[in-house]
Every structure is written in structure tokens, then in C-alpha cells.
Amino acid sequence: MSIHISKENITTDDVSGFFPGYHEVHVLRLDKIHPVISGNKWFKLSKYLEYAIQLKKKGILTFGGAWSNHIVAVAAAAAAMDLKSIGLIRGEEAEKLTATLIEARSAGMQLHFLSRDDYRQKKIPTGITVDDYILVNEGGYGAFGALGASAILDYVKGPYSHICCAVGTGTMIAGLINGSDPATEFIGISVLKNNLTLPSEIEALLIGIKHNWKIVHDYHFGGYAKHPIELINFMNRFYVDAHIPSDIVYTSKLFYAVKVMADKSLFPNNSRILLIHSGGLQGNASLRKGTLMF
Ligand SMILES: *Cc1c(COP(=O)(O)O)cnc(C)c1O
């Protein structure tokens, strides 16, 4: 896998035509930095990598599922910095590795498969010297992750009244809130079902008390990575009408949610809305060929 990260490819696309009635709706295309590495993961990992180098660690040890954007991003980001990476993968090793794990391994990640019980207990396999590595939570959750994500704002040409993004662990949105002025309202679309501890997990990463954000829990489509046909149809329509590919786990649910909220006139007139395309397109490889038009 080529691990050249092309931040110069990041664009801001005007999709106002898809949201009639609003002044301006833009999409920040972090997905364009790399075909496999999620835009937001690269930002979230940057401070962990710096820290690993500073402490002269061998690399990064982290956790994730077989289709995890985070796992493949860690593999690539570590390799780009000449660091090692170890991925502890949830579930027994399948006969056929997923496309994600093939990419991760080809970037040099050492994979270990943990039973679901061992995974829950974060049991480190014997033979790994934990002290040699920086441990990074599943999804990159943590203060370092949020700090790294704040740098996404360097690519935001505001001002925007609203910035909307998909939310998993909440690390990215916390970093964005920390780095922004309080006049911008942040709306996070949770991709997990009933993740009611999410707001407190975000609060734990905020610097100071902030009121300019909220989490919407109504657009998970049945839960993490669930993608009923209604969502697939929307993804194809969004691609045809707005020329933007989305992924089944995160960004499709963001775009869908904002479309519904806009159609219900939940944003004030003349809002200037920015949607963060956080990447994740590699996860679409789990779909049967032909499901998507892109
Ligand atoms: C991980 C991920 C997110 C969620 O980021 P969090 O910081 O965990 O909230 C959003 N979009 C994509 C494409 C991701 O890979």
C-alpha cells in the first residue's frame, strides 16, 4: 500500500444544490487524503505518533474489528513514521482475511486475533512487551486523539454557522469543538445505537465547558455498520446528485441525517453548513460488488 498522505488533495465541495432552501452547504473532503486511510483517523493519530517517537517507543499497539478504519490507519500511519504497529483484532481469525486486514498486514502491522472475551478484557497476548509500545484505544479515543483532530480546522475556510460530522468515539468532534469559536454549532450524528454515554465521553475530552454542540441519536439505521437498502439507495442518490461517495458506517449516515434535518427546516435560514467527509470508504469493500455505483 502506498502511504503517501495527500493533504493538498483536501477540497471543500459545494453541495448546496442538494439542500435547497439553505444558503450554503459544503463538504470538507478529508476522504481525499488517501484511498484507504480515513481522513479523520490520520489527524487523530498524529499526536500519538509524535508521542511514540518522543518516548522512543517501537511503535503503536491498538485494538479493532476486522473492518476497522482505525486499524488500517494505524498500520499505515505507523509505517509512514518508521514505527511498528500491532493490531489486536476482535474475534477468531477467519479463513479469509478481510480487505482491511490484508491492507493492514501489507503495511507491516502485526495482527493478533483475540476471542471476544479476551478482547473485552484487553488481554495482551504473551510475547508482546507492552512497554515498547504506546497503547491507543479502539478508534483512537483520548485527549491525544482530540488534539490531533483539532488540526482538521486548518482546512476549514469559515465562518460556518454549523459543522456536522459522524461520531463514533466522539474524539474528532471533541477536537473540532476545542479548536473552534463558540459561534459555530457542532452537530454530531452518532453511528452507534443508543450510545447514551457518548456525550459524557465527549465532555471528558473538551477543554473547558462548551455548550455549542449536540449529538443526534436518530440516524444509526439499526446500529453500527448496519446498512439497510434505504441507506444504500441514499448513498447512490447522493453520489449521482452531489458527486460525493460515502461509506456505509459513518458518512452516509451523516449526509442522510443532515438531508432529513434540512428538509424539516431544522437549520435556520441562511445557515452556512459544513459537513465533514471523514473518509472510511475502504469499509465499502465489505459489500457485494455492484451494490454501490462507485
Ligand atoms: C472513526 C471514524 C469516525 C468517527 O470518529 P470518532 O473520533 O471516533 O468519533 C467518523 N468517520 C470515519 C470515516 C471514521 O473512520
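Start by selecting Leu 61 and Leu 135: Leu 61 stands opposite Leu 135 in β6. Strand names here follow DSSP runs numbered from the N terminus, where strands (E) have at least two residues and helices (H or I) at least four. Before going further, keep in mind that this is a predicted model, in which local features need pLDDT of at least 70 and side-chain atom pairs count only at pLDDT 80 or more, while totals for chains, interfaces and linings use all residues. Residues are numbered from 1 along each chain as its sequence is written, and side-chain values use heavy atoms, with hydrogens and water left out.

**The four-stranded sheet**

Now widen the selection to residues 59-64, which form β3; this strand pairs with β6 in the parallel sense over four bridges. Two strands count as paired if DSSP finds at least two bridges between them. Add the other members and you have an open sheet of four strands, in the order β5-β4-β3-β6, with parallel pairing. Colour β5 (110-114) and β6 (133-136) as the edges: each has a single partner strand, so one side of each is left without a neighbour in the sheet. On average, neighbouring strands here are turned by 20° against each other, direction ignored. Axes are lines fitted to C-alpha atoms, for helices over the stretch in contact, and angles run from 0 to 180 degrees between N-to-C directions.

Next, bring in the helices. α1 packs on this sheet, touching β3 and β6, and its direction makes about 160° with that of β6. Contact means heavy atoms within 4.5 Å. Then show residues 69-80, helix α2, which also packs on the sheet and touches β3, β4 (84-90) and β6; the direction of α2 makes about 170° with that of β3.

**The ligand**

Stay with α1 and turn on the ligand. What share of the shell around the ligand comes from α1? Three residues, which is the largest share. Of the 16 residues around the ligand, Lys 41, Lys 44, Thr 169, Met 172 and Ser 278 come nearest; a residue is near if one of its heavy atoms lies within 4 Å. By class, the shell holds four nonpolar, 10 polar and two charged residues.

Try these distances in your viewer, bearing in mind that a polar contact is a pair of N or O atoms within 3.5 Å:

- Lys 41: a polar side-chain atom lies 2.6 Å from an oxygen atom of the ligand.
- Lys 44: an N or O atom in the side chain is 2.7 Å from an oxygen atom of the ligand.
- Thr 171: a polar backbone atom is 3.3 Å from an oxygen atom of the ligand.

Taken alone the ligand exposes 390 Å², and the protein buries 99% of that (Shrake-Rupley method, 1.4 Å probe). To see which elements give two or more residues to the shell, select α1 (39-54), β7 (162-167) and α6 (171-179).

**The six-stranded sheet**

Follow β7 to Ile 163, which stands opposite Phe 186 in β8. β7 and β8 (185-190) pair in the parallel sense over six bridges. They belong to an open sheet of six strands with mixed pairing, in the order β1-β2-β10-β7-β8-β9. At its edges stand β1 (12-14) and β9 (213-216), each with a single partner strand, so one side of each is left without a neighbour in the sheet. Neighbouring strands of this sheet are turned by 25° against each other on average, direction ignored.

**Two loop stops**

Finish with Pro 159, in the loop between α5 (143-150) and β7; a cis peptide bond joins Gly 158 and Pro 159, with omega about 0°. Then visit Ala 225, in the loop between β9 and α8 (229-242): Ala 225 has a positive phi of about 70° although it is not a glycine.

Key. Polar contact = N/O pair within 3.5 Å; in protein donor to acceptor, adjacent residues only side chain to side chain. Nonpolar A, V, L, I, M, F, W, Y, C, P; charged D, E, K, R; others polar.
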